[in-house]
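Please look at the sequence and the 3D structure that follow. Then read on for a short guided walk.

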Amino acid sequence: MMTPDADNKANIQSTHSSSVAGVGSRITELFFNKIHEKWRSIVVAIPFIWLLVFFLAPFFIVFKISIAESLIASPPFSSLFDWTEEGVITVRVIFDSFLYLVEDELYLDTYLTSIRISSISTLICLLLGYPIAYAIIKSPDTTRHILLLMVILPFWTSFLLRVYAWMGLLADQGTINDLLIWLGIIDKPIRLLYSHFAVYVGIVYTYIPFMILPLYANMEKLDMTLHEAAADLGAKPMSTFFTVTLPLTLPGIIAGSLLVFIPATGEYVIPDLLGGGNVSMIGKVLYNEFNANHDWPVASAVAIALLLALVVPMMIYQHVQSKEGVS
Amino acid sequence: MKKQRSTFLFSVLCFGMAFLYIPMVMLVIYSFNYSKIVPVWGGFSTRWYAKLFESEEVWNALTLSLQIAVINATFATLLGTMAGLALVRFGRFRGRTIFSGMISAPLVMPEVITGLSLLMFFIALQQLVGWPEKRGMTTITIAHITFSLAYVAVIIQSRLSGMSQSLEEAAQDLGAKPFRVMFDITLPLLTPGMMAGWLLAFTLSLDDLVIASFVKGPGSDTLPILIYSRVRLGLRPDINALATIIIATVAVGVLIAGWIMIRQYKKQKADQQMAAS
């Protein structure tokens, strides 16, 4: 039997316990409120600081070294800042390294060769990649997924080994020469490896997925009924292509071309393995200045020069990407 | 007319796929060549595989590469997810332009520049604060995280912007704080994207030659560095064997991923039909 008193007690107890729980939850709430205020800044700050330290700061150091003097020492460059007796920092800027680049014809030549090779490779990638992307889009659903996977698959295998594969194909005793001799087109092996041709093949082969995928992504969003409309209105397939398809796929073309052009210009592995001593590209020169000649200021100056050539394409790429993100 | 066009597209596809795959097939075939001279066929043999497994150098390089790849993928996924969330869901904040620039720049930056600048940075840092004492696994891992996180961030960004915000809004309407919404709704929905990011960061790291050869120290040769030092001098049958193993591993992985993707796609379609009927 419950007396009113006991009932009251139970009531008190229950309110008491709930108030304890209330205090506890208030504390956690306060704690979470604190996190709520701060967590966003933490989430932004961690990757931000990482990139500032390990991505942006290194560029300033390269810039600094590119205007330092080359010394036979370790590290092999002069200090940019000197403490004078009055405690004033004098900045010594030496443009020797840049002058060296401009005066030596070899560097200018390499610079232009790199840009020429990567532009022509980009164009070949576009001419090959565009119909491939279009053909994939036009395939039935299941086939389309398989084809897309087949284009992505080389991405996941080693870049180095894909370049190496062409060494076997293009060698003097390699598959292509064997095939041509067997077909009776040539009598003795022709020089394919260690030539400009080999470098073009290597760049197109390794970079073509970078062209196909943005084109595919762009065409996927395309409204195909526009073609039918154009055809219904009597447009010839050719004029439909040039007036409807091509303008609509322009963002894909730009993104794909830049994704091929920018890294191909600074390519090191392909000109080294497939071009040998016969093809000189700026990435290779940079690596050799640094690795074989130990001329760090010149290597840094080459890096800055390469960056200058690529700054405009990179900014266009960024602009295209951010516009894509908005739409 | 229609038929002509589809024949054209079909031959384009055949040519494209042949171009992509014949070199790799040839690489695999010649790994079973007995002859020491790679392109000259001397009969079937698996002796180069045996030789490969005996080499301690290869094992050491592989172990180092895998260690770096796992640590890199984990950190890059963490940092990249944070960066992706910040860029898509946090609206405007101070320094957003620089931040988004630093996220997309590593994607197109020539490797020689990234490699050289990181090396100069590590050397300058060592002179200033004495760290890193020597270059090796740590410096390679830091370099890899820096460019991998950008790739992860791009994947997360595209997932987030393609994701409907209705669940997050519903949770918020029901009184959940933004922090809870993030952990209970957004992150679970992002898991597939984070997994894709992890895998991409893992392979990027396993694949990198140029940046690692700038920031490596003595005795810290990763697998690509080892392969490169061997193939620079010409064709090597044992490298063909190694390439075959790598290609086979990747192919199996991609096939499994593709199978899951197609199954999900079919399931999604079936669900849509169910909902429609």
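**A walk through the model**

By class, 8 nonpolar, 3 polar and no charged residues make up the lining of the largest cavity. Here Ala, Val, Leu, Ile, Met, Phe, Trp, Tyr, Cys and Pro count as nonpolar, Asp, Glu, Lys and Arg as charged, and the others, Gly among them, as polar. This is a predicted model, in which local features need pLDDT of at least 70, side-chain atom pairs count only at pLDDT 80 or more, and totals for chains, interfaces and linings use all residues. Residues are numbered from 1 along each chain as its sequence is written, chains are lettered from A and ligands numbered from 1 in the order in which they are written, and side-chain values use heavy atoms, with hydrogens and water left out.

Stay with the largest cavity. About 60 Å³ of space lies in it. A cavity is a set of points, on a 1 Å grid over the protein atoms alone, where a 1.4 Å probe fits but cannot get out; lining residues have an atom within 4 Å of a point. Points are joined across faces, edges and corners, and the volume is the space filled by probe spheres set on them. Chain A lends Tyr164(A), Ala165(A), Gly168(A), Leu169(A) and Thr175(A) to the lining. From chain B come Met26(B), Leu27(B), Tyr30(B), Val38(B), Leu235(B) and Asn240(B). Which element gives the largest share of this lining? It is α5(A), with 4 residues. Both α5 (159–170) of chain A and α1 (2–30) of chain B supply at least two residues each. Helices are DSSP runs (H or I, at least four residues), numbered from the N terminus.

The whole structure holds 2 cavities of 30 Å³ or more. The second largest has a volume of about 30 Å³. Its lining consists of Ser65(B), Ile68(B), His144(B), Ser205(B), Leu206(B), Asp208(B) and Thr222(B). Two elements of chain B, α3 (56–89) and α8 (178–207), give two or more residues to it. By class, this lining has 2 nonpolar, 4 polar and 1 charged residues.

Now turn to the interface. The contact (heavy atoms within 4.5 Å) takes 86 residues from chain A and 89 residues from chain B. The two chains bury about 8,300 Å² between them, 82% of it on carbon and sulfur atoms. Buried area is the accessible area (1.4 Å probe) that two parts lose on being put together, summed over both. In chain A, Trp50(A), Trp156(A) and Tyr164(A) lose the most area to chain B, together 9% of what that side buries.

Next come the charged pairs. Over all chains, a search finds 9 salt bridges. Each is a side-chain nitrogen of Lys or Arg within 4 Å of a carboxyl oxygen of Asp or Glu. Across the interface of chain A and chain B, the rule finds 1. Asp272(A) and Arg232(B) form this kind of bridge through their side chains (3.1 Å, N to O). Asp272(A) lies in helix α11 (residues 269–273) of chain A and Arg232(B) in the loop between α10 (223–231) and α11 (237–276) of chain B, so the pair joins two chains.

Finally, look at the backbone. Most residues other than glycine have a negative phi, and most peptide bonds are trans. The bond from Trp131(B) to Pro132(B) is cis, with omega near -5 degrees. Pro132(B) sits in the loop between α5 (111–129) and α6 (137–162) of chain B. Tyr194(A) is not a glycine, yet has a positive phi of about 60 degrees. The loop between α6 (175–182) and α7 (196–220) of chain A holds Tyr194(A).

Definitions and conventions: 1 Å grid on protein atoms, 1.4 Å probe; cavity = no way out; pocket = protein on both sides within 12 Å on 5 of 7 lines; lining within 4 Å.
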